Amino acid sequence: MIAIHVQINANHVLKELNARRTANQEEVEVTVDAVIVGSGCGGGVMAYDLVNAGYTVLVLDKEGYYNKAEFQKWRESDALERTFDKAALMSTEDANFAVFA
């Protein structure tokens, strides 16, 4: 078993975890079938496929949680700024590759 300590600040996740916590408990143990790091193109699709196949999945992401209503209000430039490091304007040191993270 691997212990993963993460800081969780999304209200919908905290509500679920707090429901599992007893009064004197500081940590909550969650058992899942898969842990996916990153909710981008690959991670999001993998999580979707695994959940639809009946697995329980925990997706860890460094960015915040945005719901559908929030996304629909944004311009494309807003989405880049809020969901990518440095508004998706990163590259390798030699500038040969763009980095979207």
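Author: A patch joins residues with over 30% relative accessible area and no salt bridge, and nonpolar side chains such as Val and Leu are linked within 5 Å. The model discussed here is predicted.

Reader: What makes V35, V37 and L58 a patch, and what area do they have together?

Author: V35, V37 and L58 form a nonpolar patch on the surface, with about 260 Å² of accessible area together. L58 belongs to strand β2, residues 57–60. Its relative accessible area is 33%, and a patch residue must have over 30%; L58 therefore passes that cut-off.

Reader: Why is L58 called partly exposed?

Author: The value for L58 is 33%. Buried requires under 20% and exposed over 50%, so L58 falls in between and is partly exposed.

Reader: How is the chain as a whole arranged, and what share of its residues counts as buried?

Author: There are 4 helices and 4 strands, in the order α-β-α-β-α-α-β-β along the sequence. Of the 101 residues, 11% count as buried.

Reader: How do you know that D78 and R75 form a salt bridge?

Author: The closest N and O atoms of D78 and R75 are 3.4 Å apart. A salt bridge needs a side-chain nitrogen of Lys or Arg within 4 Å of a carboxyl oxygen of Asp or Glu, so this pair qualifies. The count by this rule is 1 salt bridge.

Reader: Are the partners D78 and R75 buried or exposed?

Author: D78, in helix α4 (residues 76–83), has 17% relative accessibility. Since buried means under 20%, D78 counts as buried. R75 has 56%, and because exposed means over 50%, R75 is exposed.

Reader: What else links R75 to the side chain of D78?

Author: The backbone nitrogen of R75 lies 3.0 Å from a polar atom of the D78 side chain. A polar contact has a limit of 3.5 Å, and the separation of 3.0 Å is within it.

Reader: How many aromatic pairs are there, and why is the pair of F71 and W74 called edge-to-face?

Author: The count is 1 aromatic pair. The ring centres of F71 and W74 are 4.8 Å apart and the planes stand at 65°. Centres must lie within 6.5 Å, and planes over 60 degrees apart count as edge-to-face, so the pair is edge-to-face. F71 is partly exposed at 41% relative accessible area, whereas W74 counts as buried at 14%.

Reader: What makes the phi of A95 worth noting?

Author: A95 has a positive phi of about 65° although it is not a glycine. Most residues other than glycine have a negative phi. A95 is in the loop between β3 (90–91) and β4. At 55% relative accessibility, against a cut-off of over 50%, A95 counts as exposed.

Reader: Where is V99, and why is V99 called partly exposed?

Author: V99 is in strand β4, residues 98–99. Its relative accessibility is 28%, which is neither under 20% nor over 50%, so V99 counts as partly exposed. The C-alpha atoms of V99 and F84, 15 residues apart along the chain, are separated by 9.5 Å.

Reader: Where is confidence lowest and where is it highest?

Author: Helix α1 (residues 11–20) has the lowest mean pLDDT, 61, and helix α2 (residues 41–52) the highest, 89. The chain has a mean of 75, with 69% of its residues at 70 or more. Where pLDDT is low, the predicted coordinates should not be read in detail.

Methods:
Residues numbered from 1 in each chain as written. Predicted model: local features only at pLDDT ≥ 70, side-chain atom pairs only at ≥ 80, totals over all residues. Heavy atoms only, no water. pLDDT = per-residue confidence, 0-100. Helix = DSSP H or I, 4+ residues; strand = E, 2+ residues; numbered from the N terminus. Patch = residues over 30% accessible without salt bridge, like charges linked within 9 Å, V, L, I, M, F, W, Y side chains within 5 Å. Areas by Shrake-Rupley, 256 points an atom, 1.4 Å probe, with all protein chains shown as cover. Buried < 20%, exposed > 50% of the residue type's maximum accessible area, 1.4 Å probe, protein only. Phe/Tyr/Trp six-rings, centres within 6.5 Å; stacked < 30°, edge-to-face > 60°. Polar contact = N/O pair within 3.5 Å; in protein donor to acceptor, adjacent residues only side chain to side chain.
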